[in-house]
Amino acid sequence: MSTPHNSAKKGEIAKTVLMPGDPLRAKFIAETYFENVTQINNIRGMMGYTGTYKGKPVTAMGSGMGIPSIGIYSFELYTTYEVENIIRVGSSGGYSETLDLHDIVLAEDAFSESSYARYQSGFEGDVIAASEILTNKLKESASKLGTKIVTGRIHSSDVFYRAIKEQPEYWKKIRDEKNCLSVEMESFGLFHNANQLGKNAACILTISDVLFDLDHMVAAEDRERTFTTMMEIALGTL
C-alpha cells in the first residue's frame, strides 16, 4: 500500500529510518553506506532508499523542510509503513558561542512556537522530548566512535527568514529564555508524532552555521556530502 506522498510498497521500508531534510543527503547516505540498495520513493522528488548496513536493514529518506513536511512523512512512515524508529540527521544553526561548524548536537527535547501539535492532537505544550531509548542509543554509538557530542534542547522554528532588525534580538531571547543550543525546523513535529503514536524518534544535528557570525557557514554542497560523522553515529544504533 502506498500513500499520496510515498510510492513504497508495504515491507519495502525498514523499521529504522534515517531522515535528513534534504533528499539528496538521503541519496548520499544510501550510496555511501548501504549495501543492496533499492530506491523506494521519488514522489515529489522526496527520494527514499532501503538497503542494509552491516547486515541490518535500514532506510534513508528525506523529509523536506519544516514541521508540516516532516509531519506528513513521519506520520505515514509510522502508520502506513509500521516504522518503529526515525532518526533525524540534519543541519542546525548554532545559538551558543561554544559551538563551532561541524560540531554535533544531540537533541534531548525541542522547543517550538509552532501550532502543529495543538492542531494535530490538542497538545498545548511548547517542549517535546525525544525518545529516551533512541537518544541513549545515539549516545552509546557516539561513545563507541570516540566522537564528542553536545546534548541539550534545540529550537524548532517555523520561520527561516525574519525581519533583519528583529532577528538578532529574537534568537538571543530564545537561546536565553528556553536554553536552546541551536535552531532547526523539523524535530518538534517528528517528536510529537512519535509520542502520539507510541514510536521512537531522535534527532542528531551538525552545526552548519552560527547565528552570531552569519558569514561563518558550511556551503550547501558540503552540507549534503560532508556531515558523515552524524550519519555514522545514527547508523551505529542499528
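**Group meeting: a walk through the model**

I will start with helix α6, residues 187-197, which is mostly covered: eight of its 11 residues are buried. This is a predicted model, so please keep that in mind throughout. The buried residues of α6 are Ser187, Phe188, Gly189, Leu190, Phe191, His192, Asn193 and Ala194. Just after the helix comes Gly198, whose phi is positive, at about 70 degrees.

Now the chain as a whole. The protein chain has eight helices and 11 strands. Its radius of gyration is 17 Å, close to the 18 Å that the globule rule gives for 238 residues, so the chain is as compact as a globular protein of that length. Along the principal axes, the C-alpha trace spans about 50 × 40 × 30 Å.

How much of the chain counts as buried? The figure is 53% of the 238 residues. The chain exposes about 11,000 Å², and carbon and sulfur atoms supply 49% of that area. As for contacts, take those with a separation of 6 or more: residues 24 or more positions apart account for 77% of them.

Next, charges. The protein chain carries 24 positive and 31 negative charges, and the mean positions of the two sets are 4 Å apart. Side chains of opposite charge can pair when their charged atoms come close. In this structure there are 10 salt bridges. I will go through three of them.

The first one on my list joins Lys15 and Glu82, with the closest N and O atoms 4.0 Å apart. Which parts of the chain does this pair tie together? Lys15 lies in the segment before β1, residues 16-19, and Glu82 is in the loop between α2 (67-79) and β5 (85-94), so the pair ties together parts that are 67 residues apart in sequence. Lys15 counts as partly exposed, at 44% relative accessibility. Glu82 also counts as partly exposed, at 37%. There is a further partner here: Lys10, Lys15 and Glu82 are linked in a network of salt bridges.

The next pair sits within one helix. Glu31 forms a salt bridge with Lys27, and the closest N and O atoms are 2.8 Å apart. Both belong to helix α1, residues 23-33, where being four residues apart separates them by about one helical turn. Is Glu31 buried or exposed? At 54% relative accessibility, Glu31 counts as exposed. Lys27 counts as partly exposed, at 27%.

The last pair I will show is Asp126 with Lys178, whose side chains meet in a salt bridge at 3.7 Å, N to O. This pair links distant parts of the chain, 52 residues apart: Asp126 is in the loop between α3 (116-121) and β7 (127-129), and Lys178 is in helix α5, residues 167-178. Asp126 is partly exposed, with a relative accessible area of 32%. Lys178 is partly exposed as well, with 25%.

Now some backbone angles. Most residues other than glycine have a negative phi. I mentioned Gly198 and its positive phi earlier. Two further residues to look at are Asn36 and Arg44, neither of them a glycine.

Asn36 has a positive phi, near 55 degrees. Where does Asn36 lie? The answer is strand β2, which covers residues 35-41. With 63% relative accessibility, Asn36 counts as exposed.

Arg44 has a positive phi of about 60 degrees. Arg44 is found in the loop between β2 and β3, the latter being residues 48-53. Its relative accessible area is 69%, which makes Arg44 exposed.

One more residue, for orientation when you turn the model. Val159 lies in the loop between β8, residues 150-156, and α5. Val159 is partly exposed, with a relative accessible area of 36%. Its C-alpha atom is separated by 22 Å from that of Arg25, and the two residues are 134 residues apart along the chain.

To go back over the main items: α6 has eight of its 11 residues buried. The structure holds 10 salt bridges, among them the pair of Glu31 and Lys27 within α1 and the pair of Asp126 and Lys178 across distant parts of the chain. Asn36 and Arg44 each take a positive phi. That is the end of the talk.

Key:
Residues are numbered from 1 along each chain as its sequence is written. This is a predicted model: local features need pLDDT of at least 70, side-chain atom pairs count only at pLDDT 80 or more; totals for chains, interfaces and linings use all residues. Side-chain values use heavy atoms; hydrogens and water are left out. Helices (H or I, at least four residues) and strands (E, at least two) are DSSP runs, numbered from the N terminus. Buried means under 20% relative accessible area, exposed over 50%, partly exposed in between (1.4 Å probe, protein chains only). The radius of gyration is taken over C-alpha atoms; the globule rule is 2.2 Å times the number of residues to the power 0.38. Contact means heavy atoms within 4.5 Å. Accessible areas come from the Shrake-Rupley method with a 1.4 Å probe; for residues, only the protein chains shown count as cover. Lys and Arg count as positive and Asp and Glu as negative; His and the chain ends are not counted. The place of a charge is taken as NZ of Lys, CZ of Arg, CG of Asp or CD of Glu.
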